[in-house]
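Ready for a little practice in reading how domains sit against each other? Grab a pencil and take the exercises one by one.

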Amino acid sequence: MSVASMATTHTAKTSAQDSAGLLVLDDLSKRFPTPEGTVVAVDHVSLSVKQGEFFSVIGPSGCGKSTLFNVIGGLISEYEGNVTVAGERITGPHPSVGMVFQEESTFPWRTVIENVSFPLEIEGMPKAKRYEKARHFIHMVGLDGFENRYPSELSGGMRQRVSLARTLASEPKILLMDEPFAALDEQTRLLLGDKVLQIQEELKQTTMLITHNITEAVQLSDRIMVMTYRPGKVKRVVDINLPRPRTSEIVGSDAFGHYVAQIWTDLREEASRGLTEDEGRRVTRATR
Amino acid sequence: MNRSALARIPGLPALFGFGCLVVSILAFEILIRAGVINRFIVPMPSQIAASFERVIIEEHLLERFVLTFKECFYAAILITLVGVSLGALLHRVDLLRRATETWVAAAASAPTVLMYPLFLVIFGRSSTTIIMMAFVAGLPPVILKTIEGLSGTRRVLINVGRSFNLTQSQMFWKILFPAAMPTIFVGLKLGLIFTLINVVGVEFLINFGGLGQLINDLAERYDLPGTYAAICFVILVSVVFFVVIERIERWLRPAD
Ligand SMILES: Nc1ncnc2c1ncn2[C@@H]1O[C@H](COP(=O)(O)OP(=O)(O)O)[C@@H](O)[C@H]1O
Ligand SMILES: [Mg+2]
């Protein structure tokens, strides 16, 4: 596609997007055939994320969050229903979608700056230019001075920030994150939340965060979708009307506590259902 | 100070290793002089040292050293290029891999050196025979470890590549290959051991060329100090190769 035609499709679609949203899931389902029968990981999920919005998906583990992440990221190309980004149907990895993974995903053989400039290197940007740009994003995630370190020399939280900076460097229209801070301790997680809030202020980045942590979801989001456990459906979508700019200090406020309690009520049912089902399965397996 | 702290003092491990060598040489010298070890089977280290000059001058040792070194070098280059490429090919084409992996593993433990008559017929009594035999002996571990390294690449790193829309060749050169590098080096070092053994072994066997032939000659003349002196130079060849490959590894993988 030529640059000109790309530009026209883009402008033609902007007006439609304002109402429809930048990322739209329309009746999305994903089933996995397994030897024990079909697992419905995502069941008829519809949602729409607006330009500049911070949207979180929360649910107990095993409810289909990562499947949702992989479908939107284009890593699972076969699904039922429709997923569109800026009006284009997702059939594979889309250049407008940037992904941050749950597992440690920095390249251990590259320094911080080489990691962060990776997507720019793939685009063919000359070294001096891509390093300059990478430095900007390294600064943004607060890793100045660590440009020439290797991931093995960094803490877990710092490595996740490297991954975040690397994805930001590709300047995606939508930033998708799958439990990026799940492996970190609570304090680090709150402080990284602050970092994410700052970045959000600065870039007005459209973001979809997948998490199982309520505090994190309320601290960061404009809207939160609570998912049910098996099959993964939309249980409720909650608007978070907390003032911005926010910091982690908001965690102490009454309004914050109110939201946390509300979401916990929803999530509790699902999580305990997940727990009993898991145990039930373990018992059947043990007695088999 | 605990033991691991001792190990971290710069130069101490190397010094300790060298010390052990000196001590065992001295021990041999004493045991042989005392008659505990038969001096007609194991010559005294001092005799070996004294024979260096003779062996170097009379037996053209430097030329032989260079010849053996060259044969090792070519065989090492061959196992690297062919082994890594074949490993990458087998990793890529699953059918080929399933069809051949067991054979390659079997070849790794087969005494290929026994095939030297075949190689003599094909390549003649020449350096080529020696290089080819060393190549065949060192190849399987490189192939196997290359496959292992490439298929052991963490799923999430491949997914990062996919999410950035990498082409097949970018995926290989920017993610799979660097991720496999540590394992490939394990294969190269293993392969190199077989290669070096085979170079000297085949020289010895077909009585041609470098240090292996010299050892053959000296042993037949019952020049034991000379034989051991020549063996020292064989060890020197391996030491040089391993120092070089470790340098290359550190240069290619500065991360660890
Ligand atoms: N490739 C797959 N094949 C079969 N089942 C899968 C596959 N991926 C995920 N699942 C199943 O789908 C459900 C949702 O998984 P996942 O999306 O990873 O949940 P979450 O990220 O919320 O913990 C789980 O029951 C899981 O076992
Ligand atoms: Mg998950």
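Here are three short exercises with worked solutions.

This is a predicted model, in which local features need pLDDT of at least 70 and side-chain atom pairs count only at pLDDT 80 or more, while totals for chains, interfaces and linings use all residues. Residues are numbered from 1 along each chain as its sequence is written, chains are lettered from A in the order in which they are written, and side-chain values use heavy atoms, leaving out hydrogens and water.

**Exercise 1.** Find the domains of chain A and say how many residues each brings to the contact.

*Step 1.* Chain A splits into domain 1 (3-96 + 174-225 + 237-286) and domain 2 (106-171); such bounds come from an automatic or database domain assignment.

*Step 2.* Twelve residues of domain 1 of chain A and eleven of domain 2 of chain A take part in the contact (heavy atoms within 4.5 Å).

**Exercise 2.** Work out how much area these two domains of chain A bury, and which residues of domain 1 lose the most.

*Step 1.* Together they bury about 950 Å², 79% of it on carbon and sulfur atoms. Buried area is the accessible area (1.4 Å probe) that two parts lose on being put together, summed over both.

*Step 2.* On the domain 1 side, L175(A), K195(A) and I199(A) lose the most, together 39% of what that side buries.

**Exercise 3.** Give the domains of chain B and the distance between their centres.

*Step 1.* Chain B has domain 1 (1-42) and domain 2 (48-252).

*Step 2.* The C-alpha centres of domain 1 and domain 2 of chain B are 29 Å apart.
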